[in-house]
Amino acid sequence: MAQREETAAATAPTSQDGEDLENLEDPKKLKELVELPPFEIVTGERLPANFFKFQFRNVEYSSGRNKTFLCYVVEAQSKGGQVQASRGYLEDEHISAHAEEAFFNTIVPAFDPALRYLVTWYVSSSPCAACADRIVRTLNKTKNLRLLLLAGRLFMWEEPEIQAALRKLKEAGCKLRIMKPQDFEYVWQNFVEQEEGESKAFEPWEDIQENFLYYDEKLADILK
Ligand SMILES: [Zn+2]
């Protein structure tokens, strides 16, 4: 199993006050938000194909995959029903904040309290206990936020602490799913760099469906 170390939580650099939605739409401003120190977090709109192929592969034993890749879609809905969407990805280096934490420290502070947000995460593996706790706290205090979390693999799911954390996520209203083959394809098409001349078709790996079913069953058992 991959080992993930918990490091001291980095200090939050921004206030929790909602800022203009424009910050999410303006790449320059979003970049400023995202690049605030001290997070050593890699961000961007699309990740290299080899990262995707290695990190998102839903293998049963995630040896060597000690990072979390988090691809996100933020849909902001106004009272009039208009929806504006933005997306990007975050990758953690495990020396500072985890990708999930980075999302809350960099993206959520720019939320406009007058809008409703539907956030979808495609993460290479499900959150550690500390990040799950952070998700629960954020959902509890951010009433205009709904989170759908799709995970390629379950992180250390045999651990009672992790199982309890996943149940708490569900209780807090976080929708939890295991990524299906079509979800991996969606990430491939929308979040992975496509080189010119290279085939853009997603090539599912041999055991993708089998591994999805494996993790889907584990998650259902944990959440029931
Ligand atoms: Zn974490």
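Biologist: What phi does Gly 173 take, just after H6?
Modeller: Gly 173 has a positive phi of about 100°. Please bear in mind that this is a predicted model, where local features need pLDDT of at least 70, side-chain atom pairs count only at pLDDT 80 or more, and totals for chains, interfaces and linings use all residues. Residues are numbered from 1 along each chain as its sequence is written, and side-chain values use heavy atoms, leaving out hydrogens and water.

Biologist: Why is H6 called a helix?
Modeller: Helices are DSSP runs of H or I with at least four residues, strands are runs of E with at least two, and both are numbered from the N terminus. H6 has 12 residues, so it meets the helix cut-off. The expected span is 1.5 Å times one less than the number of residues; for H6 that gives 16 Å, and the 17 Å from first to last C-alpha is close to it.

Biologist: Which residues of H6 are buried, and how do you know on which side they lie?
Modeller: Buried means under 20% relative accessible area, exposed over 50% and partly exposed in between, with a 1.4 Å probe and protein chains only. In H6, Ile 162, Gln 163, Ala 165, Leu 166 and Leu 169 are buried. They cover an arc (taken from the directions from the helix axis to the C-beta atoms) of only 160°, so they share one side of H6. Pro 160, Glu 161 and Glu 171 are exposed on the other side.

Biologist: What about H8: which of its residues are buried, and what do they pack against?
Modeller: Ile 208, Asn 211, Phe 212, Tyr 215, Leu 219, Ile 222 and Leu 223 are buried in H8. Their arc is only 100° around the axis, which places them on the same side of H8. Strand E5 (145-153), helix H6 (160-171), strand E6 (175-178) and helix H7 (181-191) are their packing partners, where a contact means heavy atoms within 4.5 Å. The face turned away carries exposed Glu 210 and Glu 217.

Biologist: What makes an atom a donor of the zinc ion?
Modeller: Donors are N, O and S atoms within 2.8 Å of the metal (3.2 Å for Na, K and Ca). His 98 (ND1), Cys 128 (SG) and Cys 131 (SG) coordinate the zinc ion at 1.9 to 2.3 Å, so these atoms fall inside the 2.8 Å limit. Water is not among the atoms, so the site may look incomplete. Along the chain, the donor spacing is H-x29-C-x2-C, and both Cys 128 and Cys 131 are buried.
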